[in-house]
Amino acid sequence: MADVIPIDRERGQILLLGGLILAATFVLLAVILNGMIYAENVASQGEDARADDALRFRSETEEAIAGTLRQVNGDTSLGPAAFTSSIRDWESVTAELMVERGARVSVRTVTVVGDSTHISSVTIHVEYQTRRTYYAVQFEVKAP
Amino acid sequence: MMADKTLTTHPRNDNRAASTTLGYALTLAIAMLLVSGLLISTGGLVTQQRERTVQTELEVIGQRIAADVTAADRLVQSAGQSGSIGAVNVNREHPSTVSGSSYVVALRATKGGSVLTLSTDSPQVSVQIELANQTPVANSAVSGGSIQVSYADTDGDGQKDMLVLQND
């Protein structure tokens, strides 16, 4: 029997060690599968329309400026100064509204081409910034 | 008579002891066989699952980066003929590792678009995503984590001309 006891102990060690390694493997498997679930969860999330919002703001600005140009050109008492101040007012109102939507915007008149009563075109600088997207563009708006 | 009895008893005793020892040895061998079999098969399972997970995660991350590149491309194209782009940056936070291994994201220009390649070293997994973009892209590679797609000046003439990937 004296020879048998060490064998018996060794068997216990193998089972213990084997069990421990198996347990660790299953824990690892759980972690890996969790990563897979996370990836699939992320994949099923809707894509946030980051370019869409910026582009919508740009076209809204373009429309607002075209409208202002129409109004300023239609009234001979108004000139480039009235246009610039009108755009500034529009910007401050819009910026406040956009902050509620999580975006910081700025609209700036770069150049105004025309005379004291008629504006033929303006160059506008638009900046749109959210936590993830930054978009700055300069474009020309011609009088309709 | 006495001698005979001793002779007949001894072999029987020897047999019994041998059977006990053999029994232990056999049990031990079977246990080892079972345990090692289980270990080998679960080890293989873990490796296989890990590769699949890395592949899936890279695909998901790749699609998200592709969406960012496309968004940046659309924003750059929005300037049109008369306008000019001041800046376009689109950034996003991605996991820095996939199943514990770090990965590299490479953007490469091809005919008529670009290819986004995401790869890990261990396990060796690579995922390719083709993009159809209008804005030219600069060949660039970044490591996983926070990745920014930006419209940058790549030839040093002061004019922004290409989309590049950067670590934020």
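How many salt bridges does the rule find across the interface of chain A and chain B? I began my notes with this question, keeping in mind that the model is a predicted one. The rule finds one salt bridge across this interface, and I traced it to Asp52(A) and Arg74(B), whose closest N and O atoms lie 2.7 Å apart. Since the pair qualifies at a cut-off of 4 Å between a side-chain nitrogen of Lys or Arg and a carboxyl oxygen of Asp or Glu, I entered the separation of 2.7 Å beside it.

I then looked up polar contacts between chain A and chain B, and noted eight residue pairs, both residues of each being at pLDDT 80 or more.

Next I asked which elements give two or more residues to the side of chain A that touches chain B. I listed helix H1 (4-44), helix H2 (50-74) and strand S3 (133-142), each of chain A; H1(A) supplies the largest share, with 23 residues. Sorting the residues of this side by character, I recorded 24 nonpolar, six polar and 12 charged.

For the extent of the interface, I wrote down that 42 residues of chain A are in contact with 40 residues of chain B. The area buried between the two chains comes to about 3500 Å², and carbon and sulfur atoms give 71% of that area.

Last, I turned to the strands, where S3(A) pairs with strand S1 (residues 84-93) of chain B in the antiparallel sense, over six bridges. Which residue of S1(B) does Tyr134(A) stand opposite? I found Asn89(B) in that place.

Conventions: Residues are numbered from 1 along each chain as its sequence is written. Chains are lettered from A and ligands numbered from 1 in the order in which they are written. This is a predicted model: local features need pLDDT of at least 70, side-chain atom pairs count only at pLDDT 80 or more; totals for chains, interfaces and linings use all residues. Side-chain values use heavy atoms; hydrogens and water are left out. Contact means heavy atoms within 4.5 Å. Buried area is the accessible area (1.4 Å probe) that two parts lose on being put together, summed over both. A polar contact is a pair of N or O atoms within 3.5 Å; within protein, one must be able to donate a hydrogen and the other to accept it, and residues adjacent in sequence count only if both atoms are side-chain atoms. Helices (H or I, at least four residues) and strands (E, at least two) are DSSP runs, numbered from the N terminus. Ala, Val, Leu, Ile, Met, Phe, Trp, Tyr, Cys and Pro count as nonpolar, Asp, Glu, Lys and Arg as charged, and the others, Gly among them, as polar. Two strands pair if DSSP finds at least two bridges between them.
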